[in-house]
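Please examine the sequence and the structure shown below before reading on. The explanation afterwards moves from helix to loops to aromatic rings.

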Amino acid sequence: MNFDFFYEAQVLWDESMARNLDEFISKNPEYKVVVLAGEGHMTFGSGIPKRAFRLNKREYTIILNAGDVEKDIADFVLLPSAVSLPESPKLGRAYER
């Protein structure tokens with residue numbers, strides 16, 4: 001309901017993920033790491049990528065599976081074709097009157 005609280009929570013979340021990533025990379029420098037995260041944590045490099053880069057100065061590449069393509073949104077954007085899936089079963093209870 002309050003955007004300021006949402007923004008603060010998002011920044012804290014992104015910072016935590018970037019610090020955990022940096023800690024892992026520092027302990028395992030020979031690894032290449034793939035981070036699977038939501039679009040909001042990655043677009044335009046904001047969120048995790050820039051925060052991790054600030055900590056370790058390591059190069060990164062952003063690959064998004066995004067519907068909205070804008071200039072500089074990512075290094076690569078995947079545009080898969082739509083797939084029709086069967087309807088999944090629903091759990092629930094019907095009440096009769």
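The paragraphs that follow describe a helix, two loop residues and the aromatic pairs.

The model under discussion is predicted. A suitable starting point is helix α1, which covers residues 3-27 and comprises 25 residues. At 1.5 Å a residue, a helix of this kind should span 36 Å, and the end C-alpha atoms of α1 are indeed 36 Å apart, so the expected and the computed spans agree.

Which residues of α1 are buried? They are Gln10, Asp14, Glu15, Ala18, Leu21, Asp22 and Ile25. These buried residues of α1 pack against α2, the helix formed by residues 48-56.

Between α1 and α2 runs a loop, and Phe44 is located in it. The backbone of Phe44 deserves attention: its phi is near 55°, a positive value in a residue other than glycine. As background, most residues other than glycine have a negative phi. The relative accessibility of Phe44 is 37%, and because this lies between the limits of 20% for buried and 50% for exposed, Phe44 counts as partly exposed.

A second residue with a positive phi is Asp72, where the angle is about 65° although Asp72 is not a glycine. Asp72 belongs to the loop that lies between strand β1 (63-64) and strand β2 (76-77). Is Asp72 buried or exposed? Its relative accessible area is 56%, and a value over 50% counts as exposed, so Asp72 is exposed.

The aromatic side chains come next. A pair of aromatic rings is described by the distance of the centres and the angle of the planes. The structure holds two such pairs. In one of them, the ring centres of Phe24 and Tyr31 lie 5.5 Å apart and the planes meet at 80°; because an angle over 60 degrees counts as edge-to-face, this pair is edge-to-face. Phe24 has a relative accessibility of 35% and therefore counts as partly exposed. Tyr31, with 45% relative accessibility, is likewise classed as partly exposed.

The other pair joins Phe53 and Tyr60, whose ring centres are 6.2 Å apart and whose planes are at 70°, so that this pair too is edge-to-face. For Phe53 the relative accessibility is 30%, which means that this residue counts as partly exposed. For Tyr60 the corresponding value is 34%, and Tyr60 therefore also counts as partly exposed.

Note on methods: Residues are numbered from 1 along each chain as its sequence is written. Side-chain values use heavy atoms; hydrogens and water are left out. Rings of Phe, Tyr and Trp (its six-membered ring) pair if their centres lie within 6.5 Å; planes under 30 degrees apart count as stacked, over 60 as edge-to-face and the rest as tilted. Buried means under 20% relative accessible area, exposed over 50%, partly exposed in between (1.4 Å probe, protein chains only). Helices (H or I, at least four residues) and strands (E, at least two) are DSSP runs, numbered from the N terminus. The expected span of a helix is 1.5 Å times one less than its number of residues. Contact means heavy atoms within 4.5 Å.
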